[in-house]
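Hi everyone, and thanks for coming. Please have a look at the sequence and the structure on the screen, and then I will walk you through them.

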Amino acid sequence: MKLLWDLINPGTDSSIERKDSLAILTVMISAWSFLLFTIDGWRLSHKNWQGAITYFSNILDSNDEALCAAACEALALVFESNCLEKFSSKTNDSNKELKDNIIKQLRSRLSETGNERISSQDPRTGFNSASATLDFLEVLI
């Protein structure tokens, strides 16, 4: 999981230089999310995932729908893990603010797509990850 994270988000001190396509980044985020889903929260290290929420929330502004969907799913799993302090670079006092900011981003994204909302859905299932993530986060508040 740490190796995937280093590929997804190479730090400034990292010797890893990512030159892959958005499709490969999308797959790596989905794989990371799958691994997160399979790990108990208490087994997650505080030092490895700091800044993950900020990184994924920045991806929400991407024009690539698949990448945005992967980031939405990763954010939903992070919030569901109930271990925000392990994924945020901020203090526990700002967790509510963090959720509120992500909800604003998702609302903005959905309002921008407006009538194009259908095009942001998975054509096979009709699932809209941005809308589902927004619904999930609103329930958590």
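Let me start with a question: is Cys72 buried or exposed? Cys72 counts as buried, because its relative accessibility is 0%. Keep that cysteine in mind, as I will come back to it with a partner.

Before that, a word on what you are looking at. This is a predicted model, so let me begin with the confidence. The average pLDDT of the protein is 76, and 77% of the residues score at least 70. Among the elements, H2 has the highest mean pLDDT, 89, and H7 has the lowest, 72. There is one stretch to treat separately: over residues 115-119 the pLDDT stays under 50, and the model has three contacts for them beyond four places in sequence.

Now the overall layout. The protein has seven helices and zero strands, so if you follow the sequence you read α-α-α-α-α-α-α. Of the 141 residues, 40% are buried. Take the contacts between residues at least 6 apart in sequence: 71% of these join residues at least 24 apart. As for the outside, the protein exposes about 8200 Å², with carbon and sulfur atoms supplying 52% of that area.

Let's go inside. The largest nonpolar core has 37 residues, and the ones that touch the most other members are Ile29, Trp32, Phe56 and Phe87. Which helices supply at least two residues each to this core? The answer is H1 (2-8), H2 (22-38), H3 (52-59), H4 (65-80), H5 (84-87), H6 (95-113) and H7 (129-140). H4 gives the most, with 10 residues.

Phe56 is a nice place to stand and look around. Setting aside neighbours within four places in sequence, Phe56 is in contact with Trp5, Ile29, Trp32, Ala71, Ala74 and Leu75. Two of those names, Ile29 and Trp32, you have just heard among the residues that touch the most other core members.

Phe56 is also one of the buried residues of H3, along with Ala52, Ile53, Tyr55, Ser57 and Ile59. How many of the eight residues of H3 are buried? Six of them are, and therefore H3 is largely enclosed by the rest of the structure.

Next, a residue in H2. Ser33 is found in that helix, and Ser33 counts as buried because its relative accessibility is 6%. Beyond its neighbours within four places in sequence, Ser33 is in contact with Ala70, Glu73, Ala74 and Leu77. Ala74 is a name we met before, as one of the contacts of Phe56.

Now back to the cysteines, as promised. How many disulfides does the structure hold? It holds zero. The closest cysteine sulfur to that of Cys68 is in Cys72, at 4.2 Å, which is too far for a bond. Cys68 is buried as well, with a relative accessible area of 2%.

While we are on buried residues, look at Phe79, which has its place in helix H4. Phe79 is buried, with a relative accessible area of 4%. Phe79 and Asn95 are 16 residues apart along the chain, and their C-alpha atoms are separated by 9.8 Å.

Let's turn to charges. Side chains of opposite charge can pair when their charged atoms come close. The structure holds one salt bridge. Asp6 forms it with Lys2, and the closest N and O atoms are 2.8 Å apart. Why are these two separated by about one helical turn? Because Asp6 and Lys2 are four residues apart in helix H1. In general, an α-helix has 3.6 residues a turn, so residues three or four places apart point the same way. Both partners are partly exposed: Asp6 has a relative accessible area of 24%, and Lys2 has a relative accessibility of 35%.

My last stop is a loop. Ile39 lies between H2 and H3, and Ile39 counts as partly exposed, at 25% relative accessibility. Along the chain, Ile39 and Met1 are 38 residues apart, yet their C-alpha atoms are separated by 9.9 Å. Leaving out residues up to four places away in sequence, Ile39 touches Met1 and Leu44.

That is my tour. Thanks for listening, and I am happy to go back to any part of it.

How values were computed
Residues are numbered from 1 along each chain as its sequence is written. This is a predicted model: local features need pLDDT of at least 70, side-chain atom pairs count only at pLDDT 80 or more; totals for chains, interfaces and linings use all residues. Side-chain values use heavy atoms; hydrogens and water are left out. A nonpolar core is a set of buried Ala, Val, Leu, Ile, Met, Phe, Trp, Tyr and Cys residues joined through side-chain atoms within 4.5 Å. Buried means under 20% relative accessible area, exposed over 50%, partly exposed in between (1.4 Å probe, protein chains only). Contact means heavy atoms within 4.5 Å. Accessible areas come from the Shrake-Rupley method with a 1.4 Å probe; for residues, only the protein chains shown count as cover. A disulfide is a pair of cysteine sulfur atoms within 2.5 Å. A salt bridge is a side-chain nitrogen of Lys or Arg within 4 Å of a carboxyl oxygen of Asp or Glu. pLDDT is the predictor's confidence in each residue, from 0 to 100.
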